[in-house]
Amino acid sequence: MPARTGRPPKISKADIVAAAHRVIDSDGVDALTMRRLAREVGSTAMALYHHVRDKEDLLLLLLDDYAHREMPRPENLPEEPAERIVAVASAMRDGLANCPWIVEVLRSDDLLSVGGLWYPEKIVAAAGKAGLPIEAAVEVYRAVWHYTLGEISSRAAAARRRDQGGDTYRQRVFAELDATEFPTLAQVGPRWETLTAQADYERGVRALVTGLLP
């Protein structure tokens, strides 16, 4: 955006959110700085500080905005605890999968969206209804959360590799496995990438939850 002269225009939080998303979509979350954002909205960094204190505050604003606008909250959840957890986890995964950069931010465990607490609330409550004490119910949520983050991250990374073209290092390794040392994996060989890409999230999270509940 061309630099403007004179008094900086008034900006709103909606302007800031929209500009921040443009930066992230173009160059990734690491490129989002207060200076870069100020250039994007045609203002100054000082003007931004009337709305957000720093980059962390900005990320919290983006997380809450996304949680309220884009994250699905299904109604009429199953009564059975395990199926309720699977339904909530699947909704959480579907929402986050549409915005992989959020997963990068949330992996640190330093930031969270208050608007996104609907998911742990439902999962912990369902695990408690199944008979677990609150401490164990929280562990169920943490296991589901990390499984979900890992699944989204691996799929996003695989998509980036496919976009780059050519064989990945993993494909080359599995195509040339020593059948004497790895007889079982050698049977899969070049099909490893295809088979792992077909992993069913709902099936996996259901197996995880079934093993954790009494």
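## Helices α1 and α2

In this predicted model, helices α1 and α2 are roughly perpendicular to each other, because their axes cross at roughly 110 degrees and angles of 65 to 115 degrees count as roughly perpendicular. Helix α1 covers residues 13-27, and helix α2 covers residues 34-41. Their axes come within 9 Å. The crossing of α1 past α2 is right-handed.

On the α1 side, the contact takes in Asp15, Ile16, Ala19, Ala20, Arg22, Val23, Ser26 and Asp27. On the α2 side, Arg36, Leu37, Glu40 and Val41 meet them. By class, the residues of this contact are 6 nonpolar, 1 polar and 5 charged. Ile16, Ala19, Ala20 and Val23 of α1 are among the nonpolar ones, as are Leu37 and Val41 of α2. Ser26 is the polar residue.

## The annotated DNA-binding region

An unreviewed UniProt entry places the feature "DNA-binding region" at residues 33-52. Helix α2, at residues 34-41, falls inside that range. The span is 60% helix and 0% strand. Its end C-alpha atoms lie 12 Å apart.

## Helices α5 and α12

A second helix pair joins parts of the chain that are far apart in numbering: α5 is residues 81-97, and α12 is residues 201-212. The two axes come within 10 Å. How are α5 and α12 oriented to each other? They are oblique, because the axes cross at roughly 140 degrees, and roughly antiparallel applies to angles over 145. As α5 passes α12, the crossing is right-handed.

Helix α5 contributes Ala82, Glu83, Ile85, Val86, Ala89, Ser90 and Arg93 to the contact. Helix α12 contributes Tyr201, Glu202, Val205, Arg206 and Val209. These residues divide into 7 nonpolar, 1 polar and 4 charged. The charged ones are Glu83 and Arg93 in α5, with Glu202 and Arg206 in α12. Ser90 is the polar one.

## The whole chain

What secondary structure does the chain have? It holds 12 helices and 0 strands. Read along the sequence, the pattern is α-α-α-α-α-α-α-α-α-α-α-α.

The chain has a radius of gyration of 22 Å, whereas a compact globule of 214 residues would have one near 17 Å. Along its principal axes, the C-alpha trace spans about 70 × 50 × 25 Å.

Note on methods. Residues numbered from 1 in each chain as written. Predicted model: local features only at pLDDT ≥ 70, side-chain atom pairs only at ≥ 80, totals over all residues. Heavy atoms only, no water. UniProt positions renumbered as here; feature names shortened; annotations may be inferred. Helix = DSSP H or I, 4+ residues; strand = E, 2+ residues; numbered from the N terminus. Axes fitted to C-alpha atoms, helices over the stretch in contact; angles between N-to-C directions. Parallel < 35°, antiparallel > 145°, perpendicular 65-115°, else oblique. Left-handed = near helix turned anticlockwise from the far one by under 90°. Contact = heavy atoms within 4.5 Å. Rg over C-alpha atoms; globule rule 2.2 N^0.38 Å.
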